[in-house]
Structures are given as structure tokens and as C-alpha cells.
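With the model open in your viewer, please follow the selections below in order, pausing at each stop before moving to the next.

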Amino acid sequence: RKMALAGCSWLLLSAAFLSVGAEISITPEPAQPAEGDNVTLAVHGLLGELLAYNWYAGPTLSLNYLVASYIISTGDEIPGPAHTGREAVRPDGGLDIQGVLPRHSGTYILQTLNRQLQTEVGYGHLQILAQPVVMANNTALVERRDTLHLMCSSPSPAEVRWFFNGEGLPIAIRLGQSPDGRVLTRHGVRREEAGAYQCEVWNPVSVSRSEPINLTVYFGPERVAILQDSTTRTGCTIKLDFNTSLTLWCVSQSCPEPEYMWVFNGRALKNGRDHLNISSMTAAQEGTYTCIAKNPKTLLSGSASVVVKLSAAAVVMTIVPVPTKPMEGQDVTLTVQGYPKDLLVYAWYRGPASEPNRLLSQLPSGNWIAGPAHTGREAAFANCSLLVQKLNLTDAGRYTLKTITLQGKTETLDVELQVASKCARGGRW
């Protein structure tokens, strides 16, 4: 209570001993404070041995505008009616304001009292611009189709500057500004205009920048390609060895990531991923592979294709008995791998192909017929394989396959079939 009375008493005295021609000046630090900054009203030109300070937030030395009084000798601070809870008087006479708001704008007066009970006053001005807000018609647009509208909303009459990704807005975009600079319009927005936008309001004594608003621009897919082992393979032929693996990757330039569909020889595959695996290459996997990429936002699509074939080394024909060591009474399939794709006709022989009476079966134009050596237990398939049912020991021996292609190329291949005896397996003769 004594401090409060002391502050009031020297306020009353100040009216009688006010000196004229004061040299006190007041400047804000920082020089252009923005909303939310911590600001100091720095004082310059203080003279003599001082007893106290009075700070006013208003145009006159009225008690209603008193922010605080400060007694220098004791360091006591006495809040006044205009104190907002953010102000604090410094020992050097400055006034600290924490987290300034637009309502802190206006005239500030510092009144000093010296040991001769004389007062001086200094005037300062603080203007705090409210933080602007960027408003957009949409933050996700389709390239070359949609129009971007950005508006810098601020209650303060001030100049406006725009920023893109933290830098001054490029002139190509500034050309779309309204005369007052507060509205930015871009017809047929481009992908390079995606990013963070901010606006700033400013005047000679204050500046305030908005929070960023992020713009996404959808585009593509473009430059769709198929990669194999990080090498572009679009529009070419990939040759693989028999029974090897292959992974095809579909890539494109697109925002967002496109949806994928794979097509093999005109038939859609159940694969919605960006890659396709061929785990074991056979003749059945030969053909054209197409990747279709579709952007769900732009509704645009693109495709790329490659042809996958067995390499020349892979088409060497082989015959493998399955099972490899059949027993008497079992069935065995002489499985043919790498048979000619342009096959015209083939024939199986029980022995060498040079003896017509040893013909087992023949497949002309998709239908097989029995030969002189056919026992009724043999069956031929379109892939050239031969099934022999209910083996007996006399079935062991040499089997020969002869193929003829549409170009007239003839190839002969034989295999030796072994048949194990049941008695031998059981250990009895």
C-alpha cells in the first residue's frame, strides 16, 4: 500500500514540475515487430539521476492509460489500469512486452522523475499488424485443368507480399495478383507451382507473415516405362534362359502414385502392384507384357509393353522321364521341354526313328494317331510328351522323338528308359 501511495503522490507532483523540451526518444526493438513477438520499447536520451518511471499506453498522461510505475532505488513495479499482464519495466527505463498483440498498437509515453522532482516525457509509437491468413479455393488441384485462387486475409490496411517455399514469389506467379496484391490467381496451375504459400502484410513500422498453406498439384502419369534390373526395357524384347526368374517394374512420372494393371497377351492379370514376377520362365510365359498406369486424380492413363521370349539356348529340346526311375507297374511320362513353337508334326518311336514299324504315335495338326508299335498303353500330348501306362520290364529301352517345324526343320532326340523290377526292389528273385 505504501508503494502504491508513493506512486500516486509523485504522479500528482509531476503535473506541477513538468519540464519542457525533453530529449527522450523511444524506439521498438525489433524495429518491425510482428504479432507474437517479444518487443522492447527502448529508451534513449535519459539524463540526470532519476528516481522513477511512469509508462502510459495512450495519447495523454492520464491515470487510465498508466501501464506501470517503477521505483528505481527499490526495483518495485506498480501495475496501473492499462497493464495487460504482458508488460514489465526495465531498470534502464525500457518497457518489455511479451507476445505482443494487435491491441498493443498505439502511442506510448514514458514519464521520468528526477531528484529535483522534475519530470520529462518521451513519446513512442508501436504498431502491431495482425497475422494474416492465406485462404485457398482448393489445396489439391489437377495440372492444366484447375484454377488456383489464394487470398491474403488481414484486418490491417497494409501492403502485401507473397512468398513461395520461403522465398519471394516468382514473377511468373506474381503476374496473377490482383491490383491490391491480396488475391493470387493461376489459371491452369502447373506442377512446379506446388509447394508452400505465405503472404506478408507490412508497413514501415510493422510486419507479419502468415502460416504456410501447402498446395498439391496432381499430374500424370507420364513417361510410363517397364524396367528390368533398373534398365529401361520399354518397346523391346527380353530374352531369358529356360527356368530363370524375371521381375518387371512399371515406373512413371505421376502425382499421386498411379494404380497399376498388368496385361499378358491381351489378358488382364490379377496383379495391382507396380511390379510383376515371373518365377520360372517356360514357353508358356512367352509373349507381350503390358503395364497400364492410371492416375485416380487426373483420370489419365499411360502404358508400356515388352516382349518376353526364351533365349536361343533355352529352346534346346530335352526329354525327362517323370518319375526318373519308374518301377514295374507304374506310369511314366516322357516329358518334353523346349519343343519347337512352330511345330508341324511329331512322332514317337520305340527305338530308332529310321524304322517305321517302331512308330508308337504321331500328332498331325493337333490329333494323334497310333503307330505299328502302339500297345494300347501309350498316349501322346500336344506338348510332345508321351505317357506310358502300367510299365513292364519290356518297356525299358530306347525311345525316340522326331519333330518337324513349319519351316521344314527336322530334329530327332532320344531317351533311355529304365524300368525297375518289383522283385529287385523287394530283395527277392
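Begin by selecting Glu200, which sits in strand β16, a run covering residues 195–203; bear in mind throughout that the model is a predicted one. Colour by accessibility and ask whether Glu200 is buried or exposed. Glu200 counts as buried because its relative accessible area is 7%, and the cut-off for that word is under 20%.

Next, show the side chains of Arg161 and Arg209 together with that of Glu200. The side chain of Glu200 makes a polar contact of 2.6 Å with the side chain of Arg161, and a polar contact of 3.0 Å with the side chain of Arg209. To widen the view, add the other residues in contact with Glu200, once its neighbours within four places in sequence are set aside: besides Arg161 and Arg209, these are Glu159, Val160, Phe163, Val207 and Ser208.

Now leave Glu200 and turn to the internal space. How many cavities of 30 Å³ or more does a search of the whole structure find? The search returns one, and the largest cavity holds about 30 Å³ of space.

To display its surroundings, select Ala136, Asn138, Thr139, Leu148, Leu150, Tyr197, Ile213, Asn214 and Leu215, which line the largest cavity. Two strands, β12 (148–153) and β18 (213–228), each supply at least two residues of this lining, with β18 giving the largest share, three residues. If you finally colour the lining of the largest cavity by residue class, six residues will appear as nonpolar and three as polar, while none is charged.

How values were computed:
Residues are numbered from 1 along each chain as its sequence is written. This is a predicted model: local features need pLDDT of at least 70, side-chain atom pairs count only at pLDDT 80 or more; totals for chains, interfaces and linings use all residues. Side-chain values use heavy atoms; hydrogens and water are left out. Helices (H or I, at least four residues) and strands (E, at least two) are DSSP runs, numbered from the N terminus. Buried means under 20% relative accessible area, exposed over 50%, partly exposed in between (1.4 Å probe, protein chains only). A polar contact is a pair of N or O atoms within 3.5 Å; within protein, one must be able to donate a hydrogen and the other to accept it, and residues adjacent in sequence count only if both atoms are side-chain atoms. Contact means heavy atoms within 4.5 Å. On a 1 Å grid over the protein atoms alone, a cavity is a set of points where a 1.4 Å probe fits but cannot get out, and a pocket is an open set with protein on both sides within 12 Å along at least five of seven lines; lining residues have an atom within 4 Å of a point. Grid points are joined across faces, edges and corners, and a volume is the space filled by probe spheres set on the points. Ala, Val, Leu, Ile, Met, Phe, Trp, Tyr, Cys and Pro count as nonpolar, Asp, Glu, Lys and Arg as charged, and the others, Gly among them, as polar.
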